[in-house]
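Hello,

Here is the structure I promised to pass on to you. Please have it open while you read, as my notes follow below.

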Amino acid sequence: GKPILGGPCLIAMGAGLSVHDLYYSWRAGGYDCYAALGIDEIRYHTPVVVDDTIRMEVEVAEFAPTPNGSAMFCRLNDVMRNQRDEIVLTMHRRYLLKGLSE
């Protein structure tokens, strides 16, 4: 009976909720985000309705050097949950990171 938030908005909100912490962590580890490579395997599990509160859980699933060793691939597993702890959205994000210049 309440309006729902569209799926594409959830993707943007999820990425936006976590981006500050991600960039801070990468910089603390000596890396900078060179490129966002994509978002894959997006699944919507439960609608988000007016008055819902959401939070993001982000897991680093892969952190590996590129074939030539000049950068790092980072793959994240994201889970968005509502205030009832129901899974709302799952997705995988990929980034290319490079070392900070000294």
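One convention before the notes: a residue is called buried under 20% relative accessible area, exposed over 50%, and partly exposed in between. Lys 98 shows how this works: with a relative accessible area of 30%, Lys 98 falls between the two limits and therefore counts as partly exposed. Please also keep in mind that this is a predicted model.

**The chain as a whole**

The protein chain is built from one helix and four strands, and their order along the sequence is α-β-β-β-β. Along the principal axes, the C-alpha atoms fill a box of roughly 55 × 25 × 20 Å. Of the 102 residues in the chain, 32% are buried. The accessible surface is about 6400 Å², and carbon and sulfur atoms hold 55% of that area. Contacts across the sequence are well represented: among those with a separation of 6 or more, 65% link residues 24 or more positions apart. As for charge, there are 10 positive and 13 negative ones, and the mean positions of the two sets lie 2 Å apart.

**The cores**

Which residues form the largest nonpolar core? There are nine: Leu 10, Ile 11, Val 48, Ile 54, Met 56, Met 80, Val 88, Leu 89 and Met 91. Helix H1 (7–28), strand S2 (54–65) and strand S4 (87–99) are the elements that give two or more residues to this core. S4 provides the largest share, with three residues. Val 48, a member of this core, touches Pro 3, Ile 4, Leu 5, Leu 10, Ile 54 and Val 88, once residues up to four places away in sequence are set aside. There is also a second, separate core of eight residues, with Trp 26, Cys 33, Met 72 and Leu 76 among them.

**Two buried polar residues**

Asn 82 and Arg 93 deserve a look on your screen.

Asn 82 lies in strand S3. Its relative accessible area is 0%, so Asn 82 counts as buried. What does the side chain of Asn 82 pair with at 2.7 Å? The partner is the side chain of Glu 86, in a polar contact. A polar atom of the Asn 82 side chain also lies 3.0 Å from the backbone nitrogen of Arg 84. Beyond its neighbours within four places in sequence, Asn 82 is in contact with Thr 46, Asp 52, Thr 53, Ile 54, Arg 55 and Val 88. Two of these, Ile 54 and Val 88, belong to the largest nonpolar core.

Arg 93 is in strand S4, and with a relative accessible area of 1% this residue is buried. The side chain of Arg 93 makes a polar contact of 2.8 Å with the side chain of Ser 18. Apart from neighbours within four places in sequence, the contacts of Arg 93 include Ala 15, Leu 22, Gly 38, Ile 39, Val 58, Cys 74, Arg 75, Leu 76 and Asp 78.

**Two backbone angles to check**

Most residues other than glycine have a negative phi. Glu 41 and Asp 85 both have positive values.

- Glu 41 has a phi near 50 degrees. Glu 41 sits in strand S1 (residues 31–44) and is exposed, at 52% relative accessible area.
- Asp 85 has a phi of about 65 degrees. Asp 85 is in the loop between strand S3 (72–82) and S4 and is partly exposed, with a relative accessible area of 43%.

**The end of the chain**

Lys 98, which opened these notes, is in strand S4. How far apart are the C-alpha atoms of Lys 98 and Tyr 34? They are separated by 6.1 Å, although the two residues are 64 apart along the chain. Tyr 34 is also one of the contacts of Lys 98, along with Gly 30, Tyr 31, Asp 32, Ser 70 and Ala 71, leaving aside neighbours within four places in sequence.

Ser 101 is in the segment after S4 and counts as exposed, at 76% relative accessibility. The C-alpha atoms of Ser 101 and Leu 89 are 36 Å apart, with these positions 12 residues apart in the numbering.

Best wishes, and happy viewing!

Terms used
Residues numbered from 1 in each chain as written. Predicted model: local features only at pLDDT ≥ 70, side-chain atom pairs only at ≥ 80, totals over all residues. Heavy atoms only, no water. Buried < 20%, exposed > 50% of the residue type's maximum accessible area, 1.4 Å probe, protein only. Contact = heavy atoms within 4.5 Å. Areas by Shrake-Rupley, 256 points an atom, 1.4 Å probe, with all protein chains shown as cover. Lys, Arg positive; Asp, Glu negative; His and termini not counted. Charge placed at Lys NZ, Arg CZ, Asp CG, Glu CD. Core = buried A, V, L, I, M, F, W, Y, C linked by side-chain atoms within 4.5 Å. Polar contact = N/O pair within 3.5 Å; in protein donor to acceptor, adjacent residues only side chain to side chain.
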